[in-house]
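Biologist: I would like to learn how to read the pockets and the charged contacts of a model such as this one. Could we go through them slowly, with the general idea before each case?

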Amino acid sequence: MDIITGLQNKNDKEAHQLLLQLESRSAVTDELYDYFDDFLGLLKGKSSYVRTRGFRLICAQTQWDHENKIEQNIDALLSILDDEKPTAVRQCLAALHNVVLYQPKLSEFIEIKLDQMDLSKYKDSRSPLIQKDIDELRNMMG
């Protein structure tokens, strides 16, 4: 089974395990950078799980992004922060820490998107959690 098929596996537990393995590998090697465009394609998935996996793996490639692919696709990437699933949004906000850390020049784009986010569409129990994640990310950006 190839990586992209595995990330779209209907068995979310298996797909999540694969995601974690790939994120770990991405922290120490650029071997998955060649899959960048495939990860980008996952952002168009019907499932929020698949979209989130693609986003997280793109962010995991930030330190290896010598072709500036993240910057070239920043609008498409940040649009996931409008996802209807609060869990997806929270995971993506956490993944953006990598982008801020390795490509601080993109912080301005992220800051603008954070300012535009509408948290009122989420349940009252979820909005404060997302706001906390946003504040954490803002603190990283200084």
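Modeller: Let us begin with residue classes: Ala, Val, Leu, Ile, Met, Phe, Trp, Tyr, Cys and Pro count as nonpolar, Asp, Glu, Lys and Arg as charged, and the others, Gly among them, as polar. By these classes, the lining of the largest pocket in this predicted model holds four nonpolar, five polar and four charged residues.

Biologist: How is such empty space found, and which residues are the closest to the centre of the largest pocket?

Modeller: Rolling a probe the size of a water molecule over the atoms shows where empty space is left. Here the largest pocket contains about 180 Å³ of space, and of its 13 lining residues, S48, Y49, T52, T87 and Q91 are the closest to its centre. Two or more lining residues come from each of helix 2 (12-28), helix 4 (48-60) and helix 7, with helix 4 giving the largest share, five residues.

Biologist: Which parts does the salt bridge between R51 and E84 tie together?

Modeller: A salt bridge is counted when a side-chain nitrogen of Lys or Arg is within 4 Å of a carboxyl oxygen of Asp or Glu. For R51 and E84, the closest N and O atoms are 3.7 Å apart. Because R51 lies in helix 4 and E84 in the loop between helix 6 (74-78) and helix 7, the pair ties together parts that are 33 residues apart in sequence.

Biologist: Is R51 buried or exposed?

Modeller: R51 has a relative accessible area of 12% and is buried, whereas E84, with 55%, is exposed.

How values were computed. Residues are numbered from 1 along each chain as its sequence is written. This is a predicted model: local features need pLDDT of at least 70, side-chain atom pairs count only at pLDDT 80 or more; totals for chains, interfaces and linings use all residues. Side-chain values use heavy atoms; hydrogens and water are left out. On a 1 Å grid over the protein atoms alone, a cavity is a set of points where a 1.4 Å probe fits but cannot get out, and a pocket is an open set with protein on both sides within 12 Å along at least five of seven lines; lining residues have an atom within 4 Å of a point. Grid points are joined across faces, edges and corners, and a volume is the space filled by probe spheres set on the points. Helices (H or I, at least four residues) and strands (E, at least two) are DSSP runs, numbered from the N terminus. Buried means under 20% relative accessible area, exposed over 50%, partly exposed in between (1.4 Å probe, protein chains only).
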